[in-house]
Amino acid sequence: MAFYKRSHAGYRRLLPLFLVIFSVALVLMLLIRKWAISDFSYIAVEEESHSFPSSSMETDNRILLNFGDFKPKLPKMNDFAISLDRRNFLPPRNIDLFPNLAENHINIVLYVHNRPQYLQVVLKSLANVKGIGETMLIVSHDGYFNEMDSIVQAVRFCQVKQIFSPYSPHLYSDSFPGVSKGDCQHKDDPSKKNCSGDADQYGNHRSPRIVSLKHHWWWMMNTVWDGLPETRLHSGHILFIEEDHFIYPNAYRNIQLLLKLKPEKCPDCFAVNLAPSDVKSKGEGWESLIAEKMGNIGYTFNRTVWRKIHAKAREFCWFDDYNWDITMWSTVYPSFGTPVYTLRGPRASAVHFGKCGLHQGQDKISACIDNGEAKFELENVDKVPNINIDWPVYVFKNQEGYRAGFKGWGGWGDHRDQELCLSFAYMYHSSDALTNGRDASKHS
């Protein structure tokens, strides 16, 4: 009996300790359950709306894709493509000259093809841009051309990183994505020519030179946002320009101002632009900011917008048009369900000086020339920031141009191009996508 009393008294003394341990365990169980629910909710949001909080994107870059039973498959790289792919992971150059990037810098991506004269013009213009040394220039090459490589190697005005599309049709002379043996050409009838391939809506078979335009842009976007160590966790904005864009000295400072003003002046705008959507226009010259449809010269957006674009990979990759920008205007942007506006100034800070597309004419008043020389007389106002923070915003509605309902210019009817394009969307989010590309080639 005495033993029972002593034991009972001992249990009573230990009771507070038991209660503390139980309370801690209960709290831990609740927290674990909350975390599990949060994780599940985040996955559900990814699958349903493709809207991602920036904090999640900074810590986890793997995105769930749901395109039915599609199985991503990248072509097997040849030896030269493998060597270029390895260069993609080299660190930026000129770090000794520019050891630190500015806080909240805006990375600049310049995508190029094979127009050396044009490239020299755009790089010379970039060298005169105020603030260019604060950021990094990423030059994305569509395949490899020695002269283009040499020109970029000579850049010394900022940090520079070069990337090369290892799946460019220009790198494959006898296999897809280049021309494969037995491929139909032009308007060949497969039954009569004993060839293979899917014709576009106009009866034309694929041309590697043509399809490379859209492939390069889509590969570049996926690589810059989700593949490169320098940018895949970048939470800010990225500016995209092309080799036939002449950039004004005030471009970088104007972009910085527009990005600061956008949340207040145009919170529903998806991007900011250096130039009007009409490539022939140099701006209105008004004392007003302009909100209009997104143009293709100096467009700048962040990862949130990229996620919305990336979620529309199927629409992008299945639309029968070899132009990336017309594809965006005709099918991707309309699928967002809301007008896709961009904010810009009333004066252009960049102009298009190359050939104005295959379906647009040229005239004497156009800002486009086709001799590789940019002869623009800059006014003093174009050399300094010329955005006034007190300006109102004028909204252009119902603008002319490509929109939902346009069926495309064709050139993109082959299922192999469509599937390669969609595989690029999986490229950095699925190990399966790499099995037949980079990994398979390294072990071949």
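In this predicted model, phenylalanine 301 touches residues well beyond its immediate sequence neighbours. Leaving aside those within four places in sequence, phenylalanine 301 is in contact with Met221, Trp225, Gly236, His237, Ile238, Phe240, Phe270, Ala271, Trp306 and Ile309.

Phenylalanine 301 also belongs to the largest nonpolar core, which has 56 residues. Trp217, Trp218, Phe240 and Phe301 have the most contacts inside this core. Helix H7, spanning residues 208-226, gives the most to the core, with 8 residues. Another core lies apart from this one. That second core has 50 residues, among them Tyr118, Val121, Leu126 and Leu289. In soluble globular proteins, nonpolar side chains tend to be buried together.

Aromatic contacts were examined next. The structure holds 26 aromatic pairs. One of them joins tyrosine 299 and phenylalanine 301: the ring centres are 6.3 Å apart and the planes lie at 10 degrees, so the pair is stacked. The cut-off for stacking is an angle under 30 degrees. Both tyrosine 299 and phenylalanine 301 are buried. The two residues are part of one aromatic cluster. Its members are Tyr111, Trp217, Trp218, Trp225, Phe240, Tyr299, Phe301, Trp306, Phe316 and Trp324.

Charged groups also sit over aromatic rings. The charged end of lysine 214 lies over the ring of tryptophan 412, at 4.6 Å from the ring centre. For lysine 308, the charged end sits over the ring of phenylalanine 336, 5.0 Å from the centre of that ring.

Terms used: Residues numbered from 1 in each chain as written. Predicted model: local features only at pLDDT ≥ 70, side-chain atom pairs only at ≥ 80, totals over all residues. Heavy atoms only, no water. Phe/Tyr/Trp six-rings, centres within 6.5 Å; stacked < 30°, edge-to-face > 60°. Buried < 20%, exposed > 50% of the residue type's maximum accessible area, 1.4 Å probe, protein only. Lys NZ or Arg CZ within 6 Å of the ring centre and 35° of its normal. Core = buried A, V, L, I, M, F, W, Y, C linked by side-chain atoms within 4.5 Å. Helix = DSSP H or I, 4+ residues; strand = E, 2+ residues; numbered from the N terminus. Contact = heavy atoms within 4.5 Å.
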